[in-house]
Structure formats: structure tokens, C-alpha cells
Amino acid sequence: MWLKLFFLLLYFLVLFVLARFFEAIVWYETGIFATQLVDPVALSFKKLKTILECRGLGYSGLPEKKDVRELVEKSGDLMEGELYSALKEEEASESVSSTNFSGEMHFYELVEDTKDGIWLVQVIANDRSPLVGKIHWEKMVKKVSRFGIRTGTFNCSSDPRYCRRRGWVRSTLIMSVPQTSTSKGKVMLKEYSGRKMEVEHIFKWITAHAASRIKTIYNAERLKEEWNKSDQYWVKIYLFANLDQPPAFFSALSIKFTGRVEFIFVNVENWDNKSYMTDIGVYSMPSYILRTPEGIYRYGNHTGEFISLQAMDSFLRSVQPEVNDLFVLSLVLVNLMAWMDLFITQGATIKRFVVLISTLGTYNSLLIISWLPVLGFLQLPYLDSFYEYSLKLLRYSNTTTLASWVRADWMFYSSHPALFLSTYLGHGLLVDYFEKKRRRNNNNDEVNANNLEWLSSLWDWYTSYLFHPIASFQNFPVESDWDEDPDLFLERLAFPDLWLHPLIPTDYIKNLPVWRFKCLGVQSEEEMLEGSQDTENDSDSESIDAFSSEKEVFEDKQNVVHNSPGRASHCDPEACSCANKYCQTSPYARKGRSYGSYSTSEDMEPDWLTWPADMLHCTECVVCLENFENGCLLMGLPCGHVFHQNCIVMWLAGGRHCCPVCRWPSYKKKQPYAQHQPLSNDVPS
């Protein structure tokens, strides 16, 4: 995670440096900066009209270029960056989409339930033609969409009952605006009553209704009263201008920031005494003044602070953000950081995308989960002071020169998404190159893995995890959730065996109990070796006789055991000596001759005290069919059966994860048997 965060911060640094590089190129070629002021006199009539349309000022009654130029000067200073953005937006021939409402619920959800925006809806009555023609409606949609005004068409033929209830018996235009100045308040619907259907007249009607929600001041006494008043609004923005009404972008922002920022329009057109404006720090007209508890801020003096909707919206969001703005910002950053995993992950292409999808799901889930308690804490009343101090810190940091550069870069890259995506892809490819080079130097094999190899390993892991438990335990035995053993059930369902056998981890083998086989009263290994050298010259006949007699004794005792009705739990105690003895519950018969050893004496008893409590007492390994010799290593399985360590390890490592005697799974615990210690007088009746 920290590596992805580092690469993301490095990418932002690259974007910042790249923006400064572009500014240097523009300055070198043209000799101007984006913050340089433009003289409206040097602009053509078409460019002046474009600026007025972007600011939302009507010019239908101004035929002369001089009048249009004066209106541009009255609305605010013009910068090179604003002129470039306006001309680029004018040249763009993209058609703006308009919503077609399907019925009452669709209309209510989008229009009447929208608390912080303006809607312009054309209602088409039954068997009537629309009030605004198709060509004029497309122009209207494109014009109002610059100011965040959404448009739509409601055809009464889709829901005639709703139109009759609303009283829409003829085609008309409907505009929805918030009714109150509080956030998330009710909305009201206004109907166009004009006779002229030109775009300029309809737009003038829209801006007039939007401007009526802005508090307007016409004299110095009212300004003084408003300036010194303290109310619920901590942040206020004043527009001091010599205009009849504020620009449309200013009115649209007042609706968008309802409940957060108060917009005040000060009309100084007929003022004689302007001394009070000098006292509060307003020296030029027009001026956009942001007043906060920390002081006043003159909008337009820093980089990227243009007189446009997008620039002022970005500025106000950074100064007075709401929780949704912070959530969207964190969502963008988290997803950008998660996409870095596509380039950091090395190996097969499918592996990269699988890891990317996993990272996106994990990061977004964690983000949503982490935001839930934050939203809960913000609702607590005793955290109001913390919230206010946080906003104060944001206002201090976002009114600096560095913050203005960041906002300007954000507007630049958001208006050029292809450049943003190409730089992100280039940065990611560089990260992939250096990460691949680093891992090759570390001799990492995953760099050269192809898609087929990785999918094969993924399938092996998945099947092993799905069909078998993780067979690793610390203390043997342990409680398990697999007490009913679904593997046995799956084996029954798999008949005939057409499935691939899933891989079972073998790490459980190292946790199986291991101990040494010992006999009571036996000499040390060195003494036994010396004794064995003295008996090397014994005749073969003696060995054969001894074997024959031993076999007869064993067969007699086996007959006694088989004829005994009480042999189910354990074998004859006399048959549990250190030589030629079988496991108490083993169904296997003794095969072959008995190999002599230093534990073959009939009077030598095994030391059962050294055995684990839940292991069955026996003296022979059914894997190799040899007796346990004194000092040999034994290993027990969860079912209780005991074998030579080497024998059972080779058995299990070969893929046969079950007991050779009872076929109980070797990785699954079993309830221990009740031990019956062999006694000398315990003879089956």
C-alpha cells in the first residue's frame, strides 16, 4: 500500500512539473502567461460575445462593439486563461444530452427531489406540438448547460394522469429552483409565461429567477449593516459591480452552494458615496470578495481564478467543502492508487488484472467502511468545534498560492482528459519497467511466468482450498470444523473417479507425534552390539529351530485370541511382548519370518509409558511388516495406529493421506480410544 501511495504522489508531482513546463512553452512561443490580463479593446466582436455567454450576461440589446466591451469590463477582469477556455468551449461541437422523462416517478426523482440545482423541462401536451422547436431547444440546452442547469423533456402521452393533475393542458416550459435558502430544502416549479420563444428571452427569464434568490444591496447603509452582521453563514462572497443583475454563473453557484456559502450582490450603479467600500478594502470595480472568520480574500488575484463557473466552483469547493466533496476526492485518490497495482504486479497478464480487481474491491470496501464511523461522528453535537477547526485549517491552506496552482492544474487536466490518461499510463509503464528490473535482479521467477502457468497454479490453490481444510495444527489433536469429513462424501460422489485429485498440504506431517520404541530391562545399544558379535557363529539349525518353536507359540496364542469373545478392544496381553506381536486392532496377518534383534526376547516387555496416551499399543509396522526394534523412531496417526517413522512418512508423502490400516484421513483428528493397559493376569475367557 505504501509503495502505491508513493508512486501516486510521484505521479502528482510529475503532473505539477508538466503543467509548469507547458506554461513555459506557451510563454516562450507567445510571450504571455495564463494569468496575464487581456485588454477587451483588442478582441473581436465575436470573442467578446463568447466571453459574455460564458459569464452568463445577455447582450441582445447591445448592437455596438463598444457596449459589449463595456459589459465585459463591468463583469470582471479578463485573463488569457479564461479567454482560452471560453474559445475552446465554443469550438467544441459536442452535443449535450437531455433527459426524456418516462413518467411521474422519474420526474419526481430527478426534478422535484433535486435540492441543489436548476432544471429546465419542456412539457409537451397530448396531441400538441412543443413550445420550443427542435433547433431552438438544442441551442437552449447547450447554452444553459454551461451553468450547470440540467434539461429534460416530459411528454404527457407517457403519463396523462400526472399532466392533468398538474394542470399541464398545453405545452409549456417548467423551471425548478430551490424554494428556501437552506440546504436540501423544498423546490418550486415556475412556468414560462412569455410570448417570445427565442433563446435569449428564455435565458433572460431563467437568469432573472435565479438572481432573485441572491441578496441584493443598493446603498451603503445596508452594506454596512450586512457587513457587520453575524449569522449562520461563516463564509460569504460579495460581488461589487455596476450591473443590473449578477451574471448567470454567479446565480447558478448561489443555488449550488445553498446552505454553505451566502452570495451577496452589491449594485453600486447609483452610489454617490463609496467611502465605506474603501474602509472595508474594496478599491476597484468589479470585485469578488470572499469574507471568512479569518479575514477577506480577493478572488481573481491568483493563478487560475477566472470569472467563470468552473473556476469559482473549484475555488469554493476547496474553501468550504461538504462531506460529499471529501468522499468523492478520497474515492478518486483510492482508485488511482489501486490502479497502480496493475503496473506494480509482475508476471502473467491475467494475474495483473486478477490482482487489480481484487485490489479495487478491497480498497473501495475499506474506504466505504472507514467512512461510516466518520459520518456517524460528524453527527455528534460535541464535535461541532472539531468540524469548525477543520474547516478553518482548510481555508487557511486553500487560500495560498500553492493551492491556486493545484486548482489551476486540476481545471487544466480535467478539461484535457486524454492528456491526463496518457500521462498516467506513461507513469505506470515506467513503474512497471523499474519494478520488473528490480525483481529480475533479485532472481524472482514470477516475472517470467506466463498466463497458463499462473492459471494452473491458481486452480491448484483454489481446489486445494475448496475441497480440503488447511491441515496444519500446533497441538495434536485439535478441534476441527471438518468432524464429519466431507472428503469421504466427495469420494463417494466422484465414483467413477473422473476428477483430478486436489493437492493436500503436507505440513501436518511435522506435527504428528514421534517417539522412540523402548523395551523394559534391555541393555544399551553398544552392549547389544558386542553381544551380537559373540553369537555370529551360531549354526543355522539352531536359528531354524528357534524360529519354528516361536512360530508355534504364536499360532497357539493367536487361536486363543480368535476364539475369545472379548477380543474386540485389545489383544491378548501375552501377545504384546517385544517380538513377533501384532497391533491390537490390525486386521493384517503376520507374513514372512521374524527378523531377530535385541528386542526379540519373550520376557522383554515394551515400555508403554513412553507412548502417547492416545496411541494403540502394537509392536509391528504394517507398512514394512517388520517388528519394532529397541530405539527405533515411531510415528502415530490421528486414528491411533503406529508405524515406523520412515515408513509412514514415505506413505503419506506419496499422496496417500490416510491410515494404511483403517483408511482414516491422516490430517483429520479422531476421538482417542480408551486404553486398556496389558496386565499379566488379563487372559480372555
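This is a friendly dialogue about reading a few features of a predicted model.

Student: I'd like to start with the sheet. In what order do its five strands lie?

Tutor: First the general idea: strands of a sheet pair through backbone hydrogen bonds, and they can do so in a parallel or an antiparallel way. In this predicted model, the order across the open sheet is β1-β3-β2-β4-β5, with mixed pairing. At the edges are β1 (99-101) and β5 (187-191), each of which pairs on one side only. From one strand to the next, the twist averages 25°.

Student: Could we look at one pair? In which sense do β2 and β4 pair?

Tutor: They are antiparallel: β2 (residues 119-124) and β4 (residues 172-178) are joined over five bridges. To find one of these on screen, start at V123 and look for its bridge partner in β4, which is T172.

Student: Which strands does helix α5 touch?

Tutor: Helix α5 (residues 104-112) packs on the sheet and touches β1, β2, β3 (150-155), β4 and β5. Compare directions too: that of α5 makes about 135° with that of β1.

Student: And where does helix α8 lie?

Tutor: Look across β2, β4 and β5, where you will find α8 (residues 199-211) running at about 25° to β4.

Student: Let's move on to charges. How many salt bridges does a search of the whole structure find?

Tutor: The search gives 24. A good one to begin with joins the side chains of R20 and E23, at 3.0 Å from N to O.

Student: Why are R20 and E23 separated by about one helical turn?

Tutor: Because they stand three residues apart in helix α1 (residues 2-30). As for cover, E23 is partly exposed, at 28% relative accessibility.

Student: What about a salt bridge that links distant parts of the chain?

Tutor: Try R260 and D325, whose side chains meet at 3.0 Å, N to O. They are 65 residues apart: R260 is in the loop between α10 (248-256) and β8 (262-267), while D325 belongs to helix α13 (residues 323-339).

Student: Are R260 and D325 buried or exposed?

Tutor: Both are buried. Now turn to K392 and E294, which form a salt bridge of 2.9 Å, N to O. That pair also links distant parts of the chain, 98 residues apart, with K392 in helix α16 (residues 384-398) and E294 in the loop between β9 (287-292) and β10 (295-299). Here K392 has a relative accessible area of 27%, so it counts as partly exposed. E294 is partly exposed as well, at 25%.

Student: Which residues are linked in a network of salt bridges?

Tutor: The network is made of K215, E226, K229, K236 and E262.

Student: Which residues make the nonpolar surface patch?

Tutor: L3, F6, L10, L13, V14 and V17 make a patch of about 510 Å². One of them, L13, lies in helix α1.

Student: Let's finish with a cysteine. Where is C632, and why does it count as buried?

Tutor: C632 sits in the loop between β13 (626-627) and β14 (633-636). Its relative accessibility is 17%, and buried means under 20%, so C632 counts as buried.

Student: Which residues is C632 in contact with, leaving aside its neighbours within four places in sequence?

Tutor: Its contacts are W515, R516, F517 and H644. W515 is 117 residues away along the chain, but the C-alpha atoms of C632 and W515 are separated by 8.4 Å.

How values were computed
Residues numbered from 1 in each chain as written. Predicted model: local features only at pLDDT ≥ 70, side-chain atom pairs only at ≥ 80, totals over all residues. Heavy atoms only, no water. Pairing = 2+ DSSP bridges. Helix = DSSP H or I, 4+ residues; strand = E, 2+ residues; numbered from the N terminus. Axes fitted to C-alpha atoms, helices over the stretch in contact; angles between N-to-C directions. Contact = heavy atoms within 4.5 Å. Salt bridge = Lys/Arg side-chain N within 4 Å of Asp/Glu carboxyl O. Buried < 20%, exposed > 50% of the residue type's maximum accessible area, 1.4 Å probe, protein only. Patch = residues over 30% accessible without salt bridge, like charges linked within 9 Å, V, L, I, M, F, W, Y side chains within 5 Å. Areas by Shrake-Rupley, 256 points an atom, 1.4 Å probe, with all protein chains shown as cover.
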